[in-house]
Amino acid sequence: MTALGAGVFILSAAVQWNDPDPAGWIILYLFAALASGLEAARRGTWHLPAAVTMVALGWAVLLLPMVRLDALPHLLEGWGMYSPGVEEAREFGGLLMVAGWSGVLTRAAWRRRAASWEEVT
């Protein structure tokens, strides 16, 4: 599942090239992909996914005032931005997905670390 997450985030980074502000999104998605890939290889620590989670949540909080509830019904109507606020609502959703998945990775790495400490003691 974590390898699939890495692939999804790599694809998410790839489709950002035509975005008005691609750099931040590409970096965020690639770090989320890296955290997923490291977890898939069981080589990740909790630090990277925790940092990705915090960045995504912080960014979402900054974006929240621009999200308009009346844009929510239009999120999946197509690729275009048919009403004001659709882009912000989609970006907010993307940030929540990154934060949620990175939070899952953080917990998995933390639990693996705790289990390894129990084996040592």
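Here is a quick tour of this structure, from the whole protein down to a few residues. Keep in mind that you're looking at a predicted model. The protein has 4 helices and 0 strands, so to speak an α-α-α-α pattern when you read along the sequence.

**The whole protein**
- Of the 121 residues in the protein, 34% are buried.
- The accessible surface adds up to about 7700 Å², and carbon and sulfur atoms account for 71% of that surface.
- Take the contacts with a separation of 6 or more: 62% of them link residues 24 or more positions apart.

**Helix 2**
- Helix 2 covers residues 22-40, which makes 19 residues.
- From first C-alpha to last, helix 2 reaches 26 Å, close to the 27 Å expected at 1.5 Å a residue.
- Several residues of helix 2 are buried, among them Trp 25, Ile 26, Leu 28 and Tyr 29.
- Further along helix 2, the buried list carries on with Ala 32, Ala 33, Ala 35, Ser 36 and Glu 39.
- An α-helix has 3.6 residues a turn, so residues three or four places apart point the same way.
- Just after helix 2 comes Arg 42, with a positive phi of about 55°.

**Val 55 in helix 3**
- Helix 3 runs over residues 47-63, and Val 55 lies in it.
- Is Val 55 buried, exposed or partly exposed? Val 55 counts as partly exposed because its relative accessible area is 48%, and partly exposed covers the range between under 20% and over 50%.
- Val 55 and Val 98 sit 43 residues apart along the chain, and their C-alpha atoms are separated by 9.5 Å.

Key
Residues numbered from 1 in each chain as written. Predicted model: local features only at pLDDT ≥ 70, side-chain atom pairs only at ≥ 80, totals over all residues. Heavy atoms only, no water. Helix = DSSP H or I, 4+ residues; strand = E, 2+ residues; numbered from the N terminus. Buried < 20%, exposed > 50% of the residue type's maximum accessible area, 1.4 Å probe, protein only. Contact = heavy atoms within 4.5 Å. Areas by Shrake-Rupley, 256 points an atom, 1.4 Å probe, with all protein chains shown as cover. Expected span 1.5 Å × (residues − 1).
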